[in-house]
Amino acid sequence: MAKNTSLHFRIVEGRNLPAKDVSGTSDPYCIVKVDNEVVARTATVWKNLNPFWGEEYTLHLPMGFHSLSFHVMDEDTIGHDDVIGKISLTKEAIGSQTKVLDSWMNLTRVDPNEEVQGEIHLTLQLLEGTEKIVLRCDVIEARDLAPRDISGTSDPFARVIYNHHSAETSIIKKTRFPHWGETLELDLDPQELSEEGTVIVEVWDWDMVGKNDFLGKVEIPSACLHKKTLLQSWFRLLPLGNSEVDAGGKLGALRLKVRLVEDQILPSLYYRPLIDLLVESVISPAEVEDSSALTMLEEVTTVESRQDVAMTLVKIYLGQGLVIPFLDYLNTQEVNHTTDPNTLFRSNSLASKAMEQFMKAVGMLYLHEVLKPIIKRIFDEKKYIELDPSKIDLNHTRRISFKGAVSEAEVRDSSAEMLQSYLTSVVESIVGSVEQCPPVMRVAFKQLHKRVEEQFAEPRNEALQSVGNLGLQLGHGKEQWMAPLHPIILRSVASVKDFLDKLIDVDHDIAVSEMPQRAVFLPSVIVKEGYLHKHKAEGAQLLSRFASKKRYFWLTSETLSYAKTPDWQVRASMPIHCVRAVERVDENAFQQQHVMQVITRDDDGQLHTMYIQCKNVNELNQWLSAIRKVSIYNERMLPSFHPGTHRGGKWTCCLQSDRTVAGCSRTHSAVTLGDWSDPLDPDVETQTIYKQLLQGRDKLRKKYLPGADADQMGSTKEDINSDVHPDGAERKADPVKPDRSLAARLLTAVEALERAHATFRCTDQEDSTSGITNP
């Protein structure tokens with residue numbers, strides 16, 4: 001049984017932050033860390049002590065996590081950024097919330113003794129003699145230790161402590177991945193050893209000047225050593241002690257929203273009955289007035305959960321190749337139950353949310369392809385544009401003219417001219433993109449147009465098929481200063497109507513047959529692209545300015561390729577199926593930040609590494625996530641990797657000399673950012689639907705099966721489907737409503753899944769009690 005952990009968090013805003021600049025303000029931004037690994041950085045809000053960010057992230061962590069922290073920083077253009085404070089949340093604290101953690105939390109000071117990370121590999125055993133007992137500890141290695149030196153590394157050594165006895169390993173210089181391979185022994189008197197005692201293993205960074213820096217500790221109850229003759233494991237390093245003190249709001253506060261979703265995913269066969277019911281809803285739909293598995297699901301979804309449920313359903317039906325009949329079923333219900341055409345898709349219904357999520361999942365790449373050139377042009381030109389007289393800032397006019405100050409009228413005229421140019425380009429890009437639009441989207445729009453036309457066929461509803469209000473109300477709104485754009489909008493109405501007509505002029509059968517069933521995007525479609533720096537992996541070490549070359553990269557589900565420029569015809573590429581790991585690179589490797597590595601294996605079995613540098617941590621995480629997603633189904637992925645490079649005859653991370661030695665850190669290739677391009681996983685998706693139905697089980701039972709308890713569910717289903725009396729005589733079918741039969745089947749599937757989860761949980765608990773777990 002697989003484990004699926006998703007962490008959703010939103011950094012809303014801050015308040016009453018302390019001033020860090022001489023101007024009496026700060027320039028705050030947030031860094032988000034999961035287990036001390038940076039996963040996101042917000043934008044900087046300049047000169048503001050009450051910043052609003054409103055940035056939202058989803059992180060998929062199949063291996064789980066221990067802590068989530070938010071560090072608030074003050075950006076400085078000169079020197080290092082200042083630390084304002086942090087908020088740390090343990091996985092247990094987040095998981096204890098019934099729904100969502102949503103509150104203001106005071107920032108605490110950052111204590112270096114609390115900023116620990118990494119793991120240590122130990123073997124412990126008690127050797128009992130007649131006169132003394134020997135506590136033997138093999139200190140094998142450690143990984144991902146916190147950097148404490150200016151070089152971005154540490155000089156670690158380990159110390160074993162029991163009562164007043166202690167022993168230390170040697171110091172290994174300049175590494176966060178030390179290999180000691182040393183045995184430490186403590187001679188104990190028999191009376192010293194008790195089950196209440198604790199063996200402590202500490203890791204420290206040695207400093208020639210000043211005191212040593214704490215890197216973490218492990219505490220192992222001696223009772224564990226009595227139960228097991230040999231204890232060997234990787235242990236997570238823990239802080240020195242919880243010294244975090246609420247500063248009483250003196251450091252300000254953050255408003256955060258955090259939600260943890262943790263599921264045990266059953267084998268596929270257990271989800272089959274529920275999938276069959278969902279498929280049946282759209283393959284053999286009953287009358288619109290009758291219930292289906294989908295309508296019952298909508299009844300038990302909340303306003304808060306409906307968007308997530310809609311995206312999950314879109315992915316399920318994409319995976320089944322049935323997204324068109326799924327949308328058509330929901331849209332038909334929506335249209336037939338709407339009396340006023342002006343309110344169509346205005347509610348927070350499952351149909352409206354499903355169309356919204358469908359267009360994200362299938363149409364996002366189309367949107368990027370169509371609008372990217374004009375958006376890029378706008379950013380590249382960096383023009384100052386403002387039509388609102390109340391917001392015009394004449395200090396920015398130097399971007400428009402170097403001939404001296406200009407008037408507000410000149411700013412408005414220049415802004416109107418640029419906006420007209422941009423808007424014209426946007427409209428032309430859209431109306432000329434019919435052939436670029438994914439066929440499955442065009443079919444969905446065609447079906448929707450047909451249902452609306454059937455329901456609202458009267459001539460008075462003709463405007464329903466038009467573009468908005470056809471610009472008839474232009475000039476009657478509050479923003480009169482937008483008037484210079486009205487002529488372009490009015491001239492565009494006819495071309496946009498023509499575009500919509502062409503969009504739905506598509507052959508249904510051909511379009512559906514071309515739709516991919518197990519991927520959101522086609523292999524040839526570019527998933528991500530942009531300029532990155534490719535580092536030299538081997539050969540002489542040049543100065544950093546010459547050690548990398550700027551290249552334009554393209555990522556599809558089949559290849560990762562690059563060339564000198566976007567227009568360059570000759571491209572180097574690597575097949576995605578050869579990818580074996582996609583990981584971050586330690587800063588010490590190139591003395592550069594935001595570097596990742598893509599490890600591939602060739603036909604001869606040789607591993608090759610490409611080092612790529614991104615411009616910031618957000619771009620780094622986006623590229624890591626994108627490449628991991630397209631390679632997520634690759635076989636024989638590496639379990640470990642080297643965060644450093646092999647330079648000067650040794651690895652910069654673990655200092656091993658053998659280039660082919662196994663990696664010193666475990667891979668994270670299943671950790672991805674959640675977005676529209678998440679791979680389809682039918683088991684995970686159906687688990688989400690199961691949980692929603694489980695929460696609404698009592699509501700469904702009360703409505704459709706009044707008087708039936710859980711023990712009667714099976715018999716209810718059998719009675720409904722039976723046409724024979726127990727004595728063998730044929731009988732007439734009871735006048736049971738179809739929705740009662742369906743509800744019984746649906747609830748039976750839900751309860752079967754509930755029993756399966758309980759069985760697997762019991763098995764996992766039995767397995768966990770058979771050995772010692774990581775403290």
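I take buried to mean under 20% relative accessible area, and because Cys-224 has a relative accessible area of 17%, I enter it as buried. The model I am reading is a predicted one.

**Cysteines**

I looked up a second cysteine, Cys-437, and at 2% relative accessibility I count it as buried too. I then searched the whole structure for disulfides and found 0. For the record, a disulfide would be a covalent bond between the sulfur atoms of two cysteines.

**Overall make-up**

I counted 17 helices and 28 strands in the protein. Of its 775 residues, I find that 46% are buried. I also looked at contacts between residues at least 6 apart in sequence, and among these 68% join residues at least 24 apart.

**Helices α3 and α14**

At what angle do helix α3 and helix α14 pack? I read about 85° between α3, which spans residues 272–283, and α14, which spans residues 682–695, with the axes 10 Å apart. Because angles of 65 to 115 degrees count as roughly perpendicular, I note α3 as roughly perpendicular to α14. On the α3 side I listed Leu-274, Ile-275 and Leu-278, and these meet Thr-686, Ile-689, Tyr-690 and Leu-693 in α14. Sorted by class, this contact has 6 nonpolar residues and 1 polar residue, with no charged residues.

**Aromatic pairs**

I next turned to the rings, since a pair of aromatic rings is described by the distance of the centres and the angle of the planes. My count came to 9 aromatic pairs. For Tyr-531 and Tyr-552 I noted ring centres 4.9 Å apart and planes at 85°, and because planes over 60 degrees apart count as edge-to-face, I entered the pair as edge-to-face. Tyr-531 belongs to strand β17 (residues 528–535) and Tyr-552 to strand β18 (residues 548–555), so this pair ties together parts that are 21 residues apart in sequence.

Are the two tyrosines buried or exposed? Tyr-531, at 37% relative accessibility, is partly exposed, whereas Tyr-552, at 8%, is buried.

I then looked up Phe-590 and Tyr-611, which form an edge-to-face aromatic pair with 5.2 Å from centre to centre and 70° between the planes. Phe-590 is in helix α12 (residues 587–590) and Tyr-611 is in strand β23 (residues 607–613), so here the pair ties together parts that are 21 residues apart in sequence. Both Phe-590 and Tyr-611 are buried.

My last entry on rings is a cluster, in which ring pairs link Phe-9, Tyr-57 and Phe-70.

**Gln-357**

I looked up Gln-357 and placed it in helix α7, which covers residues 350–381. With a relative accessible area of 4%, Gln-357 is buried. Which residues is Gln-357 in contact with, leaving aside its neighbours within four places in sequence? I listed Gln-307, Ala-310, Met-311 and Val-314.

**Helix α4**

Finally I checked how far helix α4 (residues 293–300) is covered, and I noted it as mostly covered, with 6 of its 8 residues buried. The buried residues of α4 that I wrote down are Ala-293, Leu-294, Thr-295, Met-296, Leu-297 and Val-300.

Note on methods
Residues are numbered from 1 along each chain as its sequence is written. This is a predicted model: local features need pLDDT of at least 70, side-chain atom pairs count only at pLDDT 80 or more; totals for chains, interfaces and linings use all residues. Side-chain values use heavy atoms; hydrogens and water are left out. A disulfide is a pair of cysteine sulfur atoms within 2.5 Å. Buried means under 20% relative accessible area, exposed over 50%, partly exposed in between (1.4 Å probe, protein chains only). Axes are lines fitted to C-alpha atoms, for helices over the stretch in contact, and angles run from 0 to 180 degrees between N-to-C directions. Helices (H or I, at least four residues) and strands (E, at least two) are DSSP runs, numbered from the N terminus. Angles under 35 degrees count as roughly parallel, over 145 as roughly antiparallel, 65 to 115 as roughly perpendicular and the rest as oblique. Contact means heavy atoms within 4.5 Å. Ala, Val, Leu, Ile, Met, Phe, Trp, Tyr, Cys and Pro count as nonpolar, Asp, Glu, Lys and Arg as charged, and the others, Gly among them, as polar. Rings of Phe, Tyr and Trp (its six-membered ring) pair if their centres lie within 6.5 Å; planes under 30 degrees apart count as stacked, over 60 as edge-to-face and the rest as tilted.
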